[in-house]
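Me: I should like a close look at one part of this protein, namely the open sheet of seven strands. Please describe how its strands are ordered and paired, and what packs on the sheet.

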Amino acid sequence: MNDNYKQRSSSRPSRSSQSDNRSSPQSSKYRRDEQKNIEWKAKKPSAPNIRMMTSRLGVSERVMHEQPCRILEKCGSCPILDFPYKNQLLQKTTDFKSRLQKASAIFSNTIVKDCVESELRLAYRHNVKMVVSEHAGLKNAKFSQIANEKRWIDLGMYRQSSNEVVDTGRCPIQTNIMNDISAWLRTGIRVHNISVYTPQQKDGLLHCIILRSSHYTRQVLVTFVVTKPALQILRPLARDISEKFMNIQGVFMQVAPPNHSDDKQDPELKMIVGQDLLEEKYNDLFLNFSAASYMPVNSLVANRIYNRIEELAELTGKETVLDLYCGAGGISLTLARSAKEVLSIDSSVHCIKDAIRNAKRNEISNVGFYEGKVEEILPQLINEKRLQKADVVVVNPARQGCGPDVIEQIRKLEPKALFYLSSFFDPMFNDLKCFVDDGYSLVFFEPYDTLPGTNNYEVLCYLVKK
Ligand SMILES: C[S@@+](CC[C@H](N)C(=O)[O-])C[C@H]1O[C@@H](n2cnc3c(N)ncnc32)[C@H](O)[C@@H]1O
């Protein structure tokens, strides 16, 4: 074994010899002309495992990487995937600090903790929406004979700021099962002769595919997003793929116009085959998600955040907790076991159904889930005296934040501790300014690396009553 190892390692340049090469300006393809203030720049990188990166801070460095992704630059979704991980975390912390500074002087003295890492740097993504596109088969005669059809299906992402779809192949940040299913679908769509939407002709059926998978059970839900109802057309493909992959629990159809906004609440889904259930496990809590409800993109990091809220809340069993924008109930159920009661609100009927099912699944009975907009349900609960005081409030809103009216209602409940979790920083800052005006002090911000390799992350803010 040692010999084998030696043989393999001797056939490649060693890490140290490569770094020696890198440090020699003569042998490197990279040049820096400090006098002319030219940035580090890769002309034609002959060494494929050295990449030039300029961080947002303007600091450039050449990085040896193991090519986690072959289309890193072409796709553009994960611009820092091959940064050393500690640099990725540092960059996110620094990015958040500079956003805070720009946002308001109110935040200038608040502690920003180091960005909390994701246990998985790759294969962490459990939830993805891929664009489907097609082009004619390659002109190469031999190849088109093999491909048999003059159709080639791409499944991937829009290239940054363009309408061009980049086929993501085996995307390193997605789970293996999701990559296996997408690989099968590239052929399956063609074999089942499903038409693909083309923006030029504004014609065709299938335009997106949503995959969600469980880290714990490896179960998968597949949703075909189409321009018009087409159950009959999609059924053979849905049957075929669910027979091929035992992990697939259910296959669904969603009718939506191409380029529709994902902000639309409660998409209408029709089940084509299987069942609407995917089970995830957070610590000892079983959480079921249906295809149409909100599901965190990185289950392991979400689990960490829930644990952190539980730790900071220091519940003794006597408290009333309010969980606003509760989704499928992950935070509510985590806190319920150490609180007197939890009241939770979400506008999505699918989320509330899942949340109720999750409470039963875990035999937790001290949570009340309310379906409706927070801005409507919360004043009702207060006016009807169902809720007069809350010791702890958790706020995890969608893109638009919660706004001053909701904050005014929260203020009436006089919570001692508040947790605000979001990845949409401008609305978050606006909301936090209102809380500070209402007499809350910011204890700290804690960024979480929900999406390693990308520029995105989530931040937990902890506030207490002064
Ligand atoms: C970021 S998710 C929250 C997820 C949840 N806290 C969790 O950990 O899984 C935001 C949630 O807000 C809900 N939502 C969006 N607008 C809302 C509103 N006006 N009132 C209540 N819920 C809303 C969505 O349905 C979604 O479930």
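Reply: The following account takes the sheet strand by strand and then turns to its surroundings. The model is predicted.

The seven strands of this open sheet follow the order β8-β7-β6-β9-β10-β11-β12, and their pairing is mixed. At the edges stand β8 and β12, the latter spanning 269–274; each has a single partner strand, so one side of each is left without a neighbour in the sheet. On average, neighbouring strands here are turned by 35 degrees against each other, with direction ignored.

In general, the strands of a sheet pair through backbone hydrogen bonds, in either a parallel or an antiparallel sense. Both senses can be followed in this sheet, beginning at the β8 edge. Strand β8 covers residues 165–167 and is joined to β7 by three bridges in the antiparallel sense. Within this pair, Met157 has Val166 of β8 as its bridge partner. The two strands form a hairpin with six residues between them, and in the turn Ser161 adopts a positive phi of about 50 degrees.

On its other side, β7 (residues 152–158) meets β6 (residues 127–135), again antiparallel, over five bridges. Here Val132 is matched with Leu155 of β7. Strand β7 therefore lies between β8 and β6 in the order of the sheet, whereas β8, as an edge strand, has a single partner.

Further along, a parallel pair appears: β10 (residues 220–226) and β11 (residues 248–255) are connected by seven bridges. One register point in this pair is Val220, whose bridge partner in β11 is Ile248. Helix α7, comprising residues 231–244, packs on the sheet and touches β10, β11 and β12; the direction of the helix makes about 45 degrees with that of β12.

For context, the model also contains an open sheet of eight strands, ordered β5-β20-β21-β19-β18-β15-β16-β17 and likewise of mixed pairing. Its edge strands are β5 (111–112) and β17 (367–371), each pairing on one side only. Inside this sheet, β15 (residues 320–324) runs parallel to β18 (residues 392–395), with four bridges between them, and Leu324 stands opposite Val395. Helix α13 (residues 425–437) packs on this sheet, in contact with β19, β20 and β21, and its direction makes about 170 degrees with that of β19. Another helix, α10 (residues 349–361), lies across β16 and β17 and runs at about 165 degrees to β17. Strand β16 (341–346) also supplies at least two residues of the shell around the ligand, as does α9 (330–336).

Note on methods: Residues numbered from 1 in each chain as written. Predicted model: local features only at pLDDT ≥ 70, side-chain atom pairs only at ≥ 80, totals over all residues. Pairing = 2+ DSSP bridges. Axes fitted to C-alpha atoms, helices over the stretch in contact; angles between N-to-C directions. Contact = placed C-beta atoms within 7 Å.
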